[in-house]
Amino acid sequence: MKSTFIQPSQLDDNGKPLKYKQLLLPSGTLSLLAGLTPAHIEVEIVNDYIDDINYDDNVDLIALTSLTLQAPRAYQIATEFRKRKVPVIMGGIHATALPEEVSQYADSVFIGEAEGLWEQVVLDFEKTRKLEKMYKPDHYPDLQKLTIPRFDLSERDKCIKALNAKSPAIPIACTRGCPFKCDYCSVTRFFGATFRTKPIDNILAEIEASGADDFFFIDDNMIGNPKFAEQLFKELIPLKKRWFTQFSTTALKHPHLVELAGEAGCHEVMLGIESINPKNLASVNKKFNNPDDYQELFKLLKQNKISPHVMVMFGFDEDDVSLIHKTVDFFMESEVNFMRIFFLTPFFGTKIYDVLEKEGRITERDWSKYDANHVIIKPKKMTAEEMTEAVWKAYDKFYSAGNVLKRLWKFRSFYSKNDYKGSFLDDVLFQFHFNRSIKKRKDPWSGL
Ligand code: B12
Ligand code: SF4
């Protein structure tokens, strides 16, 4: 039996699938699903962002994943295969949030996490050639069982890599879930109010099996369980790998963890800063972010040779044009190496969706626009057009050539010749990649 696992692309503003020449990172989802699939089943991975899809391939089962922004493209792909009588099963965050919608396009919908149930679904399909309309596990998997993703099938040859790394950054998850519940985030809704960790030996086995030297630990909050993080970082030190990940701002409470992360090869941490306005933070249940602490946190990371990569969002009720400019100026003056801006996006199933829906402030139902690069709500203190223009202008200023050079100078202590973690040229190329993408109003973090 042969099965093709597909990562759909996103339809652009002209309704065409976005295509890249190179990806920034391989997908962690499809290689993991392939790793869970019984070994005798032939699997092919196709990433629609970069590969062409062969609809006439002789294949028994199509398995589609999808975030919300990819759903309309996923439906196109499902429709083409179903026209050819190839059964389609679709899972992932969007299918879990809106199974009824998805079931109009796929023969079967897989709700929730795959571990523990997917293996059986495939075996049953192999025997009966039938799929149930919906599958839903009755509990969250405990992640204690070792699964080695099929790194051999992943899109790693089509991804960029750091100049001083042998491989592109390979996604590996050490934990699942997050201890917090921010109102705009899909994570708690999807993974439950749980924070599950994998056995550290299994994580080390995945690292070893990947044969890579560069990693993206795709955890939502790598330090969500400080004891676990401490143990893991200690085990990573002797491996001399380079990696980046995401921390919550509560990292400031754990300076020894930040120090250990730096020693263990962490060169960059993405931080969900969201806003410099405390009222905005309180309005989305993110009071644990304290703007008075931000500078100290950036300094702590920088002292440990970890680049702070901040993520901010606009569209909160206190936001206006002046706050957009003030925020970006704040980060230009800070010890921050990268900044990404997102427009507040009310994903179905989140609390913010319910609030904005009730207030009649959601202006867009085309899921392709749910990519955090489009304004799809009515902001309170400015128009959508004013917010769009102010954000792209401020974003462009942050990545102007002059500001890029200033930042490279600020972070010059990072670029020693023998450091396996970071290279000057990589940062130059990446900063200018951001500069070019933002000028075109494109997400700088998907592909080239
Ligand atoms: C890593 C990550 C990224 C990376 C992706 C890198 C890469 N190539 O993998 C980067 C930083 C580039 C990124 C970008 C974006 N991301 Co992101 N990202 C994540 C993160 C942290 C982990 C995703 C992941 O790989 N998980 C590991 C895999 C194994 O889990 P999974 O895909 O959910 O799959 C499991 C199940 O869903 C199920 N499953 C999935 N598909 C299928 C299919 C079948 C057939 C079956 C049976 C089962 C199944 O089985 C798997 C194993 O249990 C999630 C948060 C999270 N914890 O999910 C956000 C998340 C997915 N991102 C999100 C968003 C919004 C974005 C952006 C739009 C904006 C942004 N925040 O940067 C862009 C979009 C980029 C794009 N074009 O796709 C949202 C999506 C919300 C939604 N409803 O769609 C999430 C959930 C974060 C959030 N806070 O809400 N992201
Ligand atoms: S801290 Fe991050 S991952 Fe956790 S709930 Fe908030 S936004 Fe989501």
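A residue counts as buried if 20 or more other C-beta atoms lie within 10 Å of its own, and as exposed if 12 or fewer do. Keep that in mind as you work through this predicted model.

**Exercise 1.** Decide whether E274 is buried or exposed.

*Solution.* Start by finding the residue: E274 belongs to strand β12, residues 266–274. Next, take its neighbour count, which is 23 C-beta atoms inside 10 Å. The cut-off for buried is 20 or more. E274 is therefore buried.

**Exercise 2.** Do the same for K240: is this residue buried or exposed?

*Solution.* K240 sits in the loop between α8 (226–236) and β11 (242–247). Its count is 11 C-beta neighbours inside 10 Å. Exposed residues have 12 or fewer, so K240 counts as exposed.

**Exercise 3.** Find the sign of phi in K240 and in E274.

*Solution.* First, recall the background: most residues other than glycine have a negative phi. Now look at the two residues. K240, not a glycine, has a positive phi near 50°. E274 is not a glycine either, and its phi is positive at about 65°.

**Exercise 4.** Describe how domain 1 meets domain 2.

*Solution.* Begin with the bounds: domain 1 covers 2–135 and domain 2 covers 160–439. Their centres, taken over C-alpha atoms, are 28 Å apart. Then count the contacts: 15 residues of domain 1 touch 18 residues of domain 2. On the domain 1 side, α2 (71–83) and α3 (93–97) each give two or more residues, and α3 gives the most, with three. Finally, sort that side by class: ten residues are nonpolar, five are polar and none is charged.

Terms used
Residues numbered from 1 in each chain as written. Chains lettered and ligands numbered in written order. Predicted model: local features only at pLDDT ≥ 70, side-chain atom pairs only at ≥ 80, totals over all residues. Domains from an automatic or database assignment. Contact = placed C-beta atoms within 7 Å. Helix = DSSP H or I, 4+ residues; strand = E, 2+ residues; numbered from the N terminus. Nonpolar A, V, L, I, M, F, W, Y, C, P; charged D, E, K, R; others polar.
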